[in-house]
Amino acid sequence: MQSQLAQISQAAENAIAESQDSQTLENIRVQYLGKKGQLTDLLKGLSQLPAKERPQAGQAVNAVKQALQQKITEQQLKLSEQALQKQLVEEAIDVSLPARACHRGAVHPVTRTRQRIESFFSRMGFSIASGPEIDDDYHNFQALNIPEHHPARAAQDTFYFADGNVLRTQTSNVQIRVMENQAPPVRIIAPGRVFRCDSDVTHTPMFHQVEGLWVDKGIKFSHLKGVLAAFLNDFFESQVKTRFRPSYFPFTEPSAEVDVECVKCSGKGCRICSQTGWLEILGCGMVHPNVLRNVNIDPEIYTGFAFGMGIERLTMLRYEVDDLRLFFENDVRFLSQF
Amino acid sequence: MKLSEHWLREWVNPDINCQALCHQLTMAGLEVDSCHPVAGEFSGVIIGKIIEAEQHPNADKLRVCQIEVGDGLPLQIICGAPNARQGILVCVAQIGAVLPGDFKIKKAKLRGVESQGMLCSEAELGLAEEADGIMELPQDAPIGQDIRQYLQLDDQAIEIDLTANRGDCFSLRGVSREVGVINRLPVNTPEIKPLNNAHDQHMPVEIKASDGCPKYGCRIIKNINMQAQTPLWMQQRLWRSGIRAISPVVDVTNYVMLSLGQPMHAFDVANISDKIIVRYSKPNETLTLLDGQEVKCLPKTLMIADQEGPIALAGIMGGQSTAVTDQTQDILLESAFFTPLAIMGKPRQYGLHTDASVRFERGVDPQITEQALDYAAQLLADIAGGQVGPIHVESDQRTLPKSYQITLRFERLTAYLGVEIDHADVIDILNRLGLSTKQIGVGVEVQVPSYRFDLTQEADLIEEVARIYGYDNIARELPATTMQPEQYCETTLCASRLRQLYRDRGYLEAMTYSFIDPKWHQALFGDQAAKALLNPIASDMSIMRTSLLPGLLKVAQHNLSHQQRQLRLFETGTCFLYQDDKITERQKMALLLTGLRDSSVLHGADNKVDFFDLKADFLALADLYGFQHDDIEINTDDLPNYLHPGRSGRIMTKSQIIGEIGQLHPTTAKALDIRQPIWLLEIDLAFMGDMVLPKAAPISKYPQVKRDLALEVDQTVSAQQIKDVIKEYAGSDLQTVEIFDVYQGEHLADDQKSIAFTLIFQGLSYTLEEAAVQQAIDSVLNALSQKLGAKLRA
């Protein structure tokens with residue numbers, strides 16, 4: 001009995017150790033521990049032993065049984081671990097391969113700048129207004145205090161249609177249209193496309209402007225300076241040095257041009273600022289009383305300021321774009337950088 | 001306006017350097033565009049006299065010159081210039097001199113003869129663009145003096161970019177007035193002494209257009225010496241002001257114009273028939289100008305004419321027939337006031353922007369007419385002699401500009417600028433600008449001088465005070481304001497959100513011109529009307545786009561030709577629909593998709609983008625608006641010609657067409673030289689309407705029942721048609737119906753296809769009975785069979 005038990009135990013242990021898959025292991029379990037297994041048979045044979053030997057023999061068989069069960073469980077764990085390892089190795093991929101259908105999208109840099117400008121003025125309580133891109137001579141010129149043949153018209157080479165309408169040369173037409181329909185206070189910006197019959201290295205026949213207008217009681221030139229300085233600090237995300245210099249626009253009086261210290265050379269003079277140390281950024285001024293009168297706003301009661309800036313210019317400075325024409329060529333190698 | 005710093009300092013001389021002066025001008029609104037030395041950088045060049053010039057023994061074209069340079073022995077210098085001759089005074093670069101470009105002069109031997117320096121031309125000294133020979137100096141030039149000192153070459157040419165309102169600064173007189181105001185300095189004016197008349201003849205003047213010419217002054221100068229030379233100092237000043245010296249008469253008129261701002265013209269008296277007539281152009285009139293160009297006179301052009309016809313375009317350019325020539329004996333000097341309104345726009349129409357026209361357009365001082373005639377006569381007499389006749393002026397008081405009187409209120413000034421300026425300072429600023437003032441209760445009454453055309457109302461005076469006071473001296477402050485929050489509308493889809501969507505879906509935003517090539521428009525839209533520009537910049541940018549697609553296709557073409565073949569582009573913007581002679585501006589959005597879905601074939605072999613990629617990109621937008629996908633129909637009827645008839649559709653919502661989607665028609669693609677399939681989408685954003693405000697619907701707690709139906713139908717029946725029938729007949733418990741398979745081929749007749757649908761039923765407040773579901777299915781099958789001939793696949 002003893003030797004038989006030892007023999008079975010040894011054979012079973014060897015079989016377990018040699019088993020390479022869970023099915024074989026299961027078969028081994030059935031063969032030794034199953035209902036008709038060899039150890040089960042041995043247990044059954046205990047009844048033939050003398051009564052006083054039975055407990056000891058039973059204990060011995062059970063001990064072997066437990067030991068084998070333990071071995072089987074261990075082997076099971078070992079096999080499933082091996083199987084997992086194998087699976088993991090087999091499933092390995094080259095993670096450096098490209099992603100599936102992954103495309104880099106971008107909004108146009110001019111849009112990007114426009115949205116930043118809109119964001120600043122929205123935070124300042126300005127509404128965003130829009131108007132027609134084809135407009136009549138009145139809204140594009142006359143209402144803005146630019147009579148026919150005014151030399152200021154020469155600076156804005158205009159695209160005309162046969163019916164006398166024009167492609168707007170500035171977004172200022174929106175000023176007029178808003179004030180025609182809304183009593184002060186008026187606090188708007190009008191971003192959009194404008195058109196001038198001019199094309200060379202530094203001019204495209206179409207570009208983008210943001211026009212701003214604030215008309216209310218008590219609006220002063222000092223407010224214009226404050227608001228625009230705040231804008232420029234926000235736009236360049238630093239305390240930029242600015243200067244306001246007298247200029248002339250028919251629709252503002254006093255008028256000013258705003259320069260910022262060259263962001264490239266910090267005022268030392270470079271190619272970007274034509275060695276002047278300053279960059280011309282925007283035009284502005286107090287709304288001309290004639291303009292207010294044209295829209296039936298009493299300039300004695302209300303005053304206002306207006307400003308206009310070219311979005312492309314600001315975009316070029318912000319993102320170091322050195323050729324204006326890139327904006328409308330739409331080469332994807334350019335567009336995808338934004 | 002370009003001027004010499006030296007010359008300006010003769011008028012007014014502030015104790016600041018040139019850089020500071022330029023800064024002052026810029027900050028006063030006279031923007032200095034550039035400031036450059038008037039001559040090249042050189043040293044060691046002195047005045048010498050050729051006392052002997054002999055032929056070089058070994059070279060035909062060279063001469064051996066002996067040059068007297070003051071102290072010491074004459075220098076021997078070899079010179080190849082044709083005008084090198086005995087007796088003339090020249091510029092001598094001595095040994096050790098350094099010429100522009102760091103060119104050092106050394107002792108040299110030319111063809112065996114020693115040369116102790118070099119004789120210089122204007123070009124070699126950076127005084128002219130080009131030169132024919134060496135520079136000749138006046139006989140009274142002091143021999144031995146440094147040429148830089150003699151010609152005052154340590155001078156800067158200052159170029160001022162004048163704004164359209166400052167006609168008064170188109171002269172030394174005007175600019176020096178500004179400098180004087182800023183620096184609180186008096187301004188020196190040149191001494192102008194009326195000459196005694198040497199004869200009493202005058203030219204009769206008839207003004208027939210006094211609205212355009214309120215004042216015409218002239219005088220005759222007889223027996224001018226046309227062989228006289230313009231003095232070097234005057235030539236130099238003209239050159240530094242950007243004007244080429246031509247002849248004494250022309251040079252003097254230009255010099256007076258630069259000095260005083262009054263453009264002048266000189267006629268040959270012999271060629272004027274009887275009298276000067278100032279009138280508007282007549283129909284079909286032509287005039288040959290000074291430069292030989294013949295112009296057709298446009299209507300309402302102010303002309304100077306004589307009895308026979310036009311002799312000059314008033315205020316723009318003189319005519320050839322009366323031009324002053326070498327043979328001229330007597331000249332008529334013209335000094336007139338033409339109104340800005342009469343000249344404005346004309347130079348542009350004629351393409352003739354002259355020094356005169358630019359001044360008249362902006363306004364010339366009507367009170368300087370006589371002074372200019374005196375100054376010109378005085379200068380000319382010194383140079384070319386002649387006998388001066390009386391000044392003759394015709395004028396019309398009714399049309400002369402009226403003198404403005406404007407009240408400036410101190411309170412208004414403060415309220416406008418946001419700074420309190422001392423009243424005495426305000427008055428001082430105005431007075432220094434030449435405005436006379438009278439203090440009244442609320443402020444000052446200001447009399448505007450005749451040269452300030454730009455000052456007509458109080459705001460103009462406020463600007464004058466502000467710019468002289470200094471914009472930089474005005475504080476920056478943010479207004480205290482009443483809050484007025486603008487209503488934010490949750491259901492309005494802003495353009496930036498739309499852009500964000502396509503940006504995130506891997507599209508690049510393009511921005512194309514609003515005017516396009518008519519050929520591209522025609523290739524896509526045939527005869528559809530588009531508004532044409534009257535003055536396009538180029539023929540391929542001459543009509544207003546009615547669609548974003550031509551622009552996007554052009555972008556595609558550009559990129560494809562640069563080996564960029566995977567394109568995902570979008571654009572939003574204004575399109576200009578043109579119908580019945582009326583323009584409607586519509587906001588559209590377009591997508592262009594082409595190339596591979598994936599940059600490599602790693603993730604599947606069939607990699608080309610197709611209709612369904614684009615459809616998904618459209619539905620993403622529809623989702624944003626809150627459309628149910630089933631509310632969107634893609635209708636294949638009546639497609640536009642530019643789309644592939646079998647792979648395209650019109651996008652409809654509730655019978656409203658909102659756009660088109662599909663493949664560019666192969667024929668159109670070929671016409672546009674595009675060789676790969678292009679997928680296009682364009683929608684009119686207005687038709688998308690507002691976004692849907694969500695309203696929460698209850699969620700069922702009861703189990704779903706799922707049924708699959710594989711249906712066999714005719715090839716021509718669309719999935720959408722079947723789906724519509726299912727939805728109509730399946731009853732209210734039908735939650736969703738999805739297509740999960742489409743099959744054609746084996747086991748099916750050639751004209752048949754099989755489409756499999758999954759229907760999901762669910763009761764909201766009860767568990768669905770099997771029988772109820774079966775009933776719904778039966779009803780669906782029955783309807784499908786009757787309406788579409790569909791049968792359940794065996």
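For my residue classes, Ala, Val, Leu, Ile, Met, Phe, Trp, Tyr, Cys and Pro count as nonpolar, Asp, Glu, Lys and Arg count as charged, and the others, Gly among them, count as polar. I'm working on a predicted model.

**Entry 1: the second largest pocket**

I began with the second largest pocket and looked up its volume, which comes to about 1,400 Å³. I then split its lining by class and got 16 nonpolar, 17 polar and 12 charged residues. The lining has 45 residues, and those nearest the pocket centre are Arg114(A), Ile128(A), Cys494(B), Ala495(B) and Ser496(B).

Which element gives the most to this lining? I found that H5(A) does, with 7 residues. I also noted who else supplies at least two residues: E1 and E4 on chain A, plus helix H14 (495–504), strand E31 (567–579) and strand E32 (582–594) on chain B.

**Entry 2: the sheet in chain A**

H5(A) turned up again when I went through the sheet of chain A. This helix covers residues 109–123 and lies across E1, strand E4 (186–195), strand E5 (206–216) and E9 of chain A. I get an angle of about 170° between H5(A) and E4(A).

The sheet is open, with 7 strands in the order E1-E4-E5-E9-E8-E7-E6 and mixed pairing. Which strands sit at the edges? They are E1 (127–128) and E6 (242–249) of chain A, and each pairs on one side only.

I picked one pair to check in detail. E8 (residues 278–287) and E9 (residues 303–310) of chain A are antiparallel and share 5 bridges. One residue I looked up there is Cys284(A), whose bridge partner in E9(A) is Phe307(A).

A second helix to log here is H9 (residues 221–236) of chain A. H9(A) lies across E5, E6, strand E7 (252–261), E8 and E9 of chain A. Its angle to E8(A) is about 145°.

**Entry 3: the A/B contact**

Next I wanted a number for the interface. The size of an interface is often given as the accessible area lost when the parts come together. For chains A and B that area is about 7,200 Å², and 57% of it is on carbon and sulfur atoms. On the chain B side, Tyr471(B), Arg476(B) and Met511(B) lose the most area to chain A, together making 11% of what that side buries. How many residues does each chain put into the contact? I have 83 from chain B and 86 from chain A.

**Entry 4: cavities**

I searched the whole structure for cavities of 30 Å³ or more and got 2. The largest cavity has a volume of about 90 Å³. It is lined by 14 residues, with Gly167(B), Asp168(B), Leu260(B), Gly261(B) and Asp365(B) closest to its centre. By class, that lining divides into 5 nonpolar, 4 polar and 5 charged residues.

The second largest cavity holds about 70 Å³. Both chains turn up in its lining: Pro246(A), Ser247(A) and Tyr248(A) are among the residues there, and so are Glu463(B), Glu464(B) and Arg467(B). E6 of chain A and helix H13 (458–469) of chain B each supply at least two lining residues. E6(A) is also an edge strand of the chain A sheet. The class split for this cavity is 4 nonpolar, 4 polar and 4 charged.

**Entry 5: strands in chain B**

I turned to E12 (residues 156–161) of chain B and its pairings. E1 (residues 2–4) of chain B runs antiparallel to E12(B), with 3 bridges joining them. Leu3(B) has Ile158(B) as its bridge partner in E12(B). E2 (residues 31–37) of chain B also pairs with E12(B) in the antiparallel sense, over 6 bridges. From that pairing I noted His36(B), which has Ala157(B) as its partner in E12(B).

**Entry 6: a three-stranded sheet in chain B**

Last stop was the open, antiparallel sheet with 3 strands in the order E25-E27-E26 of chain B. E25 (405–409) and E26 (436–439) are its edge strands. Neighbouring strands here are turned by 25° against each other on average, direction ignored.

E25(B) pairs with E27 (residues 443–447) of chain B over 5 bridges. For Gln405(B), I found Gln447(B) as the bridge partner in E27(B).

Which helices lie across E25, E26 and E27 of chain B? I logged H11 (residues 410–417), at about 65° to E25(B), and H12 (residues 423–432), at about 150° to E26(B).

Note on methods:
Residues are numbered from 1 along each chain as its sequence is written. Chains are lettered from A and ligands numbered from 1 in the order in which they are written. This is a predicted model: local features need pLDDT of at least 70, side-chain atom pairs count only at pLDDT 80 or more; totals for chains, interfaces and linings use all residues. Side-chain values use heavy atoms; hydrogens and water are left out. Two strands pair if DSSP finds at least two bridges between them. Helices (H or I, at least four residues) and strands (E, at least two) are DSSP runs, numbered from the N terminus. Contact means heavy atoms within 4.5 Å. Axes are lines fitted to C-alpha atoms, for helices over the stretch in contact, and angles run from 0 to 180 degrees between N-to-C directions. On a 1 Å grid over the protein atoms alone, a cavity is a set of points where a 1.4 Å probe fits but cannot get out, and a pocket is an open set with protein on both sides within 12 Å along at least five of seven lines; lining residues have an atom within 4 Å of a point. Grid points are joined across faces, edges and corners, and a volume is the space filled by probe spheres set on the points. Buried area is the accessible area (1.4 Å probe) that two parts lose on being put together, summed over both.
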